[in-house]
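Biologist: I should like to go through this chain point by point. May I ask where each feature is placed and how it is defined?

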Amino acid sequence: MLRLATPSTRQLIVDRDLRVPMPDGVDLLADRWAPRAGGDALPTVVIRTPYGRRGTLGAVLTRPLAERGFQVLIQSTRGTFGSGGTLDPLRCEREDGLATLEWVGNQPWFADTMVLFGLSYLGYAQWAMTDRLPPSVKAMIPQVSESALTMEFLRADGISLETPFDWGVLVATQERRWAMLRHRLGARRLQRALRTIPLTGSDIAALGHRSEYIQDILAHDRDADRWAGIDHSHRVPETTVPVSSIAGWFDIFLPGQLRDYQALRAAGRDARLTVGPWTHTAPDVIGTAVREATDFGLAHAKGEQPAQRAPVRLYVMGEDSWHDFDSWPPAGYAPHRYHLQPGATLSTEPPGVSGPDRYQYDPVDPTPAVGGVRMTGTTGRVDNTALESRPDVLTYTTSALEHDLEVIGEVSAEIYFRSSQPYADVFVRLCDVDPRGRSYNICDGLLSLTSADQIRAAQVRLWPTAYLFKRGHRIRIQVSSGAFPRFARNPGTGRPRATADTLLTAHQEVYHDPEHPSAVILPVRLSTGRKGLAADG
């Protein structure tokens with residue numbers, strides 16, 4: 001990847017606390033950063049954030065852009081850091097965002113063109129208005145974000161826990177003195193809250209402040225009226241400007257971001273995609289985004305074409321290098337079934353006659369989340385040795401690979417499963433085992449089952465990936481019944497997880513025989529060296 005362009009100036013001016021009126025009479029506060037000389041002639045980057053306009057955010061987002069060819073308007077969203085109104089996460093970004101763009105267009109310092117920029121919630125604020133952008137907006141650069149955001153946490157077949165709790169506490173307490181330090185020091189209290197039975201009894205106030213967002217997460221399922229209007233995915237195909245999306249293989253929003261990219265391409269929109277080996281909070285996400293702003297965004301703002309590159313740029317983990325492709329998922333990667341076998345093995349051969357493997361899942365001592373797609377604790381790629389030594393985790397491993405094996409695309413698993421309880425979860429994780437026997441996670445996913453006391457084929461969607469298994473390494477699949485507290489533990493009773501006050505131990509069975517051919521499905525292409533790829537093997 002390219003380095004940041006050299007700053008064109010270090011001499012900046014900052015106009016603080018500009019009042020941006022909303023149609024309902026509320027004023028939102030914004031800061032404008034610009035070069036001291038000639039700033040009024042530059043395109044404007046618009047950033048709308050609930051996390052404050054100064055401090056770290058100014059250092060890592062606003063200043064680098066203002067030093068490299070833009071003036072920047074960074075605005076605090078409703079109810080945050082001096083902006084009027086009440087914070088009601090996700091629900092006001094469309095109306096407030098459109099009103100803000102109209103206001104910018106009427107300012108004496110505005111030079112006719114805008115670029116929308118920002119990560120996570122800041123990216124969601126872009127998608128909320130993407131089908132009604134004024135002609136002065138020339139590009140969008142959303143990072144580690146997607147158009148539906150919270151909806152991923154509310155899946156009935158896999159309820160997220162840790163991320164919405166942590167974020168809810170963060171935004172509810174972030175304006176208190178020493179907020180970030182308090183947040184880090186409160187990690188143990190957060191973990192205690194996540195273990196409270198029932199979850200609705202969690203002492204959120206003890207974490208620093210009551211969070212209405214957390215209460216909503218606990219009280220309202222995905223289809224509840226409370227969430228009406230926050231899913232903007234239907235607006236994505238109507239996007240009117242070029243979009244450069246920046247994602248991470250270990251990001252919490254990756255599936256939704258890839259969905260948004262595919263919707264743009266299917267609608268014939270000008271879009272490109274970059275996916276790196278990043279978690280949601282990785283510093284390289286911001287560095288890459290600033291580079292995209294000064295290449296892709298600035299070029300479009302000037303009416304020019306950005307530097308030529310392929311539509312899709314992916315970091316292939318395992319090989320640890322970047323490669324370009326024409327589409328997502330890339331062509332030429334065929335689904336291959338790797339079947340679970342007796343004796344904890346994994347192979348492309350169909351399974352023979354065998355009995356099921358068994359383990360016990362105890363929600364009082366739930367299988368822990370280790371690394372992977374998380375915002376807190378251990379994140380990303382980690383050694384899974386301790387996790388795999390637990391009696392509630394099954395593993396299935398291939399023999400050492402004779403050739404490099406490249407996996408790029410959507411990953412899934414079909415696990416034939418039965419529980420002693422009618423309600424159970426199936427968690428599947430793909431790992432790379434190196435020649436020293438260390439197992440590192442690549443991607444994973446969880447599915448919640450009903451009627452789990454009958455043999456069911458659990459169709460588990462894992463996170464997409466791009467990974468090169470090197471010759472001499474082995475492919476491993478983990479099967480368990482949870483990853484706590486990333487996902488809410490399954491109490492086994494069928495009661496809503498927010499109000500469940502009883503936890504039932506479950507005895508689980510995983511089948512692998514001709515009638516129940518459990519497998520992980522990998523999009524595979526054999527590699528004989530990365531200049532050219534061999535035919536599918």
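Biologist: Where does Leu-149 lie?

Modeller: This is a predicted model, in which local features need pLDDT of at least 70 and side-chain atom pairs count only at pLDDT 80 or more, whereas totals for chains, interfaces and linings use all residues. Residues are numbered from 1 along each chain as its sequence is written, and side-chain values use heavy atoms, with hydrogens and water left out. Helices (H or I, at least four residues) and strands (E, at least two) are DSSP runs, numbered from the N terminus. On that basis, Leu-149 lies in the loop between β6 (137–143) and α4 (162–173).

Biologist: What is the phi of Leu-149?

Modeller: Most residues other than glycine have a negative phi. Leu-149 departs from this with a positive value, near 50 degrees.

Biologist: Is Leu-149 buried or exposed?

Modeller: The term buried means under 20% relative accessible area, exposed means over 50%, and partly exposed lies in between (1.4 Å probe, protein chains only). Because the relative accessible area of Leu-149 is 5%, this residue is buried.

Biologist: Which residues does Ala-148 touch, not counting those up to four places away in sequence?

Modeller: Ala-148 is also placed in the loop between β6 and α4, and at 5% relative accessibility Ala-148 counts as buried. Contact means heavy atoms within 4.5 Å. With residues up to four places away in sequence left out, Ala-148 touches Tyr-124, Ile-230, Asp-231 and Arg-259.

Biologist: What is the phi of Ser-451, and where is Ser-451 found?

Modeller: Ser-451 is partly exposed, with a relative accessible area of 35%. Its phi is positive although Ser-451 is not glycine, with a value near 50 degrees. Ser-451 is found in the loop between β18 (439–449) and β19 (456–461).

Biologist: Which peptide bonds are cis?

Modeller: Most peptide bonds are trans. Pro-198 is in the loop between α6 (187–194) and α7 (212–219), and Pro-329 is in the loop between β10 (321–325) and β11 (334–341). In each case omega is near -10 degrees, and the cis bonds run from Ile-197 to Pro-198 and from Trp-328 to Pro-329.

Biologist: In which order do the ten strands of the open sheet stand?

Modeller: Two strands pair if DSSP finds at least two bridges between them. Pairing in this open sheet is mixed, and the order is β1-β2-β4-β3-β5-β6-β7-β8-β9-β10.

Biologist: Which are the edge strands, and what is the average twist?

Modeller: β1 (12–21) and β10 are the edge strands, since each pairs on one side only. Angles run from 0 to 180 degrees between N-to-C directions, and axes are lines fitted to C-alpha atoms, for helices over the stretch in contact. From one strand to the next, the twist averages 20 degrees.

Biologist: What angle does the direction of helix α2 make with that of β3?

Modeller: Helix α2 (residues 93–105) packs on the sheet, with contacts to β1, β2, β3 (44–49), β4, β5 (114–119) and β6. The direction of helix α2 makes with that of β3 an angle of about 150 degrees.

Biologist: In which sense does β4 pair with β2, and in which with β3?

Modeller: Strands of a sheet pair through backbone hydrogen bonds. β2 (residues 27–35) and β4 (residues 71–76) share four bridges, and Trp-33 stands opposite Val-72 in β4. β3 and β4 share six bridges, and Arg-48 stands opposite Gln-75 in β4. The β2 and β4 pairing is antiparallel, and the β3 and β4 pairing is parallel.

Biologist: How many of the residues of β3 are buried?

Modeller: Thr-44, Val-46 and Arg-48 point one way from β3, while Val-45, Ile-47 and Thr-49 point the other way, and all are buried. β3 is thus mostly covered, the buried count being six of six.

Biologist: How far apart in space are Glu-304 and Pro-342?

Modeller: Glu-304 is in the loop between α9 and β9 (312–316), and Glu-304 is partly exposed, with a relative accessible area of 44%. The two residues are 38 apart in sequence, and their C-alpha to C-alpha distance is 60 Å.
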